[in-house]
Amino acid sequence: MNELFVSLVELIRVTSAEIPADVHRAILHSLEQEKKGTIAESAMKIIDQNIALAKRKSQPICQDTGSIIFYVDCPVGFDQITFEETARDAVKEATKKGFLRQNSVDSLNGKNDGTNVGPGSPVIHFHQHRHNSIEVRLVLKGGGCENVGAQYSLPNEKLKANRDLDGCRKVILDAVLQAQGKGCGPGILGVCIGGDRATGYEYSKQQFLRVLDDSNPMEELDKLEKDITKTANELGIGPMGFGGKTTLLGTKITASNRLPASFFVSISYMCWAYRRQGISLAPAGSLEKWLY
Amino acid sequence: MISLHTPIQESALRTLKVGDAVTISGTIFTGRDAVHKYLHEGGQLPPEVKLQGGVIYHCGPVVMQDATGGYKVTAAGPTTSIREEPYQAAIIKEFGLRGVIGKGGMGEKTLNACKEYGCVYFHAIGGAAQVLAECVKKVRNVYMLEKFGSPEAIWELEVENFPVFVTMDAQGNSLHQSVFNASQAALLDRV
Ligand code: SF4
């Protein structure tokens, strides 16, 4: 069988069934933080049991196996067409095996053909680089948390948010307030300051490729990331919005140039079931190593 | 921990309050966006779907079929309930639902219907697909699979000790409302 196909099915299986180590550490930390005997603590306990069970049974952590988003870093001359065809086949196979739910619906007639392959699914972002390595990252992003993403246009009079970092802070925290209870918290924010409406959301999602305990190389963004997480955790929203100490497990922010007339802040929300993995591939497509 | 068994008696239900941890055993039906919209538009359920006095679960499970045609639920967490807010109150009234299981809570219309007709909103842990699938002991039947596709179909499930939390009770209290108000006030102090 085609080596690339085998590697991609395995990537999908592991992404769907196993939470990355950095996220698991953050979840265990938040379980310790919650007050004993509260329903917030019970929620975190069930989440932790669920993570263990999914891994042991090699089954989806969450039944919403989400939008299937591949990020491929590849050398010049890499055959993108073959990759895309193989990725589609791998998605079909992973769906048959139950690593992915039959999750892709025709927007016009509501039909679900059960394959997860169709216009816009899976999503594949290619990025060329000048070395020989091939790295494939995969994010499975559920619908519940996608629905609470938000894009603000600054200035925002109601929130008294101007076109500066303080204005960004206000709208990001408003998004946390509005998302409560809906996106399966504790959550993780990916934010893009600037860009246009499409790239803003795209870059906000790419932030989910970062590990939770990294630091932002830009000092002012690093500060803002930490401040947002800390402030959000003082609001008492808690796991599932039940009230409690952990509202966010982390915040990741990037900035992109904008037009003088526009100032968007785009916020993607990731649920605790933060499914992200990556592999590097040998030229023939076999799996060399895991990236997270 | 309070244990409930379907059919849930109204008297037992009226004593539940926000913040209670509950386990449910018995029969529940999944129903999500397509089913709610269908019922709202006057669609009829197959007669075998006995929703009367029952519990509906906002869930689109992952279901696998074995070689003999039997079904097994392999992932079964809740989906976001608020999308059913336009329809839920009418369905509680029409079917005398005693419980709605979902996540994220619902709005005022549903809260009022819970109070008026004796229903409780049970919050399951969002994303806990495996823990909850373990509590599904059997798939009793499936309805409208062809029409709606697997995640949207009505699955009749036998569950045992299915863990949920009361976040909207039949006395008019909503945990979602109180947490929202408190967090909004806390945020105002911090921006
Ligand atoms: S928001 Fe995440 S954890 Fe919640 S149901 Fe959707 S994918 Fe699952």
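**Exercise 1. Determine how much space lies in the largest cavity and which residues line it.**

Step 1. In this predicted model, the largest cavity holds about 60 Å³ of space, where a cavity is a set of points, on a 1 Å grid over the protein atoms alone, at which a 1.4 Å probe fits but cannot get out, and where the volume is the space filled by probe spheres set on the points, grid points being joined across faces, edges and corners.

Step 2. Lining residues have an atom within 4 Å of a point, and for the largest cavity they include Val176(A), Gln180(A), Lys182(A), Ile237(A), Thr247(A) and Tyr269(A). By class, this lining has four nonpolar, seven polar and one charged residues; Ala, Val, Leu, Ile, Met, Phe, Trp, Tyr, Cys and Pro count as nonpolar, Asp, Glu, Lys and Arg as charged, and the others, Gly among them, as polar.

Step 3. The whole structure has two cavities of 30 Å³ or more, and the second largest holds about 30 Å³. Its lining comes from Phe29(B), Thr30(B), Val35(B), Leu45(B), Val49(B), Leu51(B), Ile56(B) and Ile154(B), with seven nonpolar, one polar and no charged residues.

Residues are numbered from 1 along each chain as its sequence is written, while chains are lettered from A and ligands numbered from 1 in the order in which they are written. For this predicted model, local features need pLDDT of at least 70, side-chain atom pairs count only at pLDDT 80 or more, and totals for chains, interfaces and linings use all residues, whereas side-chain values use heavy atoms, with hydrogens and water left out.

**Exercise 2. Establish the strand order of the open sheet in chain A and find what packs on that sheet.**

Step 1. The order of the five strands is E2-E1-E3-E8-E9, with mixed pairing; helices (H or I, at least four residues) and strands (E, at least two) are DSSP runs numbered from the N terminus, and two strands pair if DSSP finds at least two bridges between them. Strand E2 (123-129) and strand E9 (287-290) of chain A are the edge strands, each pairing on one side only, and the twist averages 20° from one strand to the next.

Step 2. Helix H4 (residues 80-96) of chain A packs on the sheet, touching E1, E2 and E3 of chain A, and its direction makes about 145° with that of E2(A). Here axes are lines fitted to C-alpha atoms, for helices over the stretch in contact, and angles run from 0 to 180 degrees between N-to-C directions.

Step 3. Within the sheet, strand E1 (residues 67-75) and strand E3 (residues 134-141) of chain A are antiparallel and share seven bridges, with Ser67(A) opposite Lys141(A).

**Exercise 3. Describe the interface between chain A and chain B.**

Step 1. Contact (heavy atoms within 4.5 Å) involves 43 residues of chain A and 39 residues of chain B.

Step 2. The area buried between the chains, meaning the accessible area (1.4 Å probe) that two parts lose on being put together, summed over both, is about 3,300 Å², and carbon and sulfur atoms give 67% of this. On the chain A side, Ile46(A), Gln63(A) and Phe242(A) lose the most area to chain B, together 19% of what that side buries.

**Exercise 4. Locate the cis peptide bond that joins Gly185(A) and Pro186(A).**

Step 1. Omega of this bond is about 5°, and Pro186(A) lies in the loop between helix H6 (165-179) and strand E5 (187-194) of chain A.

How values were computed. 1 Å grid on protein atoms, 1.4 Å probe; cavity = no way out; pocket = protein on both sides within 12 Å on 5 of 7 lines; lining within 4 Å.
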